[in-house]
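User: I should like a close look at a single part of this structure, with each technical term explained as it appears. Please set out the strand pairing and the packing around it.

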Amino acid sequence: GALVSRGRWRELIRLGEGVASSGALSEAAMARGIETLERFRNIAEEMGVDIIEAVATSVLREASNGEAFAREVRKLGVPLRVISGEEEARLSLAGVISTRAQWPAGRSGERPDRKPDERANESLVFDIGGGSLELTHEKEGKMLKTCSLNAGVVYLTEGHLRDIPTPKAQVEACARDMSDMLHSMPLAPPDVPLIGCGGTVALAGFVREEKDRNQGINGVFIERGEIESWVDRFAALDMTGRNLLPGFEPGREDIALAGLIVVREILRWGGYETLRVSTGGVREGLLKRLLLRE
């Protein structure tokens, strides 16, 4: 069956706020999570949804009270599962593959990072989340190797990027931390096209001044030079300056800088000149799995 979207809702609730320092979900974050999930459950009921599927990723894997929170959520009638880093990467990859059919053949000013016939069936997919970063080397949709790093944008922001505008020393400390993690993981940079999803989509929104993130961003190429110039430019902006950027998603004023640094360090680590953006991710991967199950 084909996947036809009847509606998309998203909420930035910062469930992982403070988890890196305290090791536990805060009362305020849990309250935001419960309120949002109740609202989403009500939307599903109003739309006559037959199946509700819900998964939680790195924050609930890491937090000491993560499973307790998941139990509270299940009492609401939302069957929340905490998934492993490997399953998260698998779902994310399935979601990315599901969006490839909608990718444009190429737009003005954009170029693929290699000839179209050269290793087109193989890529490195990275998924930027609030609590973790997944990198997956895939070939023909099959995972060859995957790594999950504690390099989510909320964690990196809380650890390094404390001020807005953000001083150069804080940017450099965050970049060193990210670079160290990439160079010490058991995955060497493969010489294949690079694809970013998850938080990469939000960054592409303002890098490309594109408000329609669902379709307008899917499949676009972003050059390494664009990301390099945006890191310093974004760091220098105050909250209002960041919020007013065309295509910027409000609520990400503090964490978007960490996302830019993550992308830049991945490009540098692998010597990549471009990356392609996919609007697919864990959610689309879950939906694809549900469709195949029927």
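Analyst: The account below begins with strand β4 and then turns to the core and its aromatic rings.

The model is a predicted one, in which local features need pLDDT of at least 70 and side-chain atom pairs count only at pLDDT 80 or more, while totals for chains, interfaces and linings use all residues. Residues are numbered from 1 along each chain as its sequence is written, and side-chain values use heavy atoms, with hydrogens and water left out.

Strand β4 covers residues 133-139. Strands are DSSP runs of E with at least two residues, helices are runs of H or I with at least four, and both are numbered from the N terminus. Two strands are said to pair if DSSP finds at least two bridges between them. β4 runs antiparallel to β5 (residues 142-149), and seven bridges join the two. β3 also pairs with β4 in the antiparallel sense, over seven bridges.

Individual partners can be named on each side. Leu 133 has Leu 149 of β5 as its bridge partner. Thr 136 stands opposite Thr 146 in β5, and Thr 136 is also the bridge partner of Val 125. The connections between the strands are hairpins. Four residues form the link in the hairpin that joins β3 to β4. The hairpin of β4 and β5 has two residues between the strands, and Glu 140 there takes a positive phi near 50 degrees.

How many of the seven residues of β4 are buried? Six of them are buried, and the strand is mostly covered. Here buried means under 20% relative accessible area, exposed means over 50%, and partly exposed lies in between, with a 1.4 Å probe and protein chains only.

Ser 132 lies in the loop between β3 (122-128) and β4. Ser 132 counts as buried because its relative accessibility is 2%. Its side chain makes a polar contact of 3.0 Å with the side chain of Glu 134. A polar contact is a pair of N or O atoms within 3.5 Å; within protein, one must be able to donate a hydrogen and the other to accept it, and residues adjacent in sequence count only if both atoms are side-chain atoms. Contact in the general sense means heavy atoms within 4.5 Å. Leaving aside neighbours within four places in sequence, Ser 132 is in contact with residues including Ser 58, Arg 61, Glu 88 and Gly 152.

Leu 133 touches, among others, Phe 126, Ile 128, Cys 147, Met 178, Val 262 and Ile 266, again not counting residues up to four places away in sequence. Leu 133 also belongs to the largest nonpolar core, which has 51 residues; Leu 133, Leu 135 and Phe 206 touch the most other members. Helix α11 (residues 256-270) gives the largest share of this core, 10 residues. Apart from this core lies another, of 18 residues, among them Val 19, Val 59, Ala 63 and Val 73. A nonpolar core is a set of buried Ala, Val, Leu, Ile, Met, Phe, Trp, Tyr and Cys residues joined through side-chain atoms within 4.5 Å.

Val 19, in that other core, is in helix α1 (residues 19-22). Val 19 is buried, because its relative accessible area is 4%. Leaving aside neighbours within four places in sequence, Val 19 is in contact with residues including Leu 25, Val 59, Ala 63 and Tyr 155.

The aromatic rings complete this view. A search of the whole structure finds four aromatic pairs. The rings of Phe 206 and Trp 230 have centres 5.0 Å apart and planes at 70 degrees, so this pair is edge-to-face. Rings of Phe, Tyr and Trp (its six-membered ring) pair if their centres lie within 6.5 Å; planes under 30 degrees apart count as stacked, over 60 as edge-to-face and the rest as tilted. Phe 206 is in helix α8 (residues 199-207) and Trp 230 in helix α9 (residues 224-235), so that the pair links distant parts of the chain, 24 residues apart. Both Phe 206 and Trp 230 are buried. Ring pairs link these two with Phe 234 and Phe 248 into a cluster. Arg 233 lies over the face of Trp 230, at 3.9 Å from the ring centre. A charge sits over a ring if NZ of Lys or CZ of Arg is within 6 Å of the ring centre and within 35 degrees of the ring normal.
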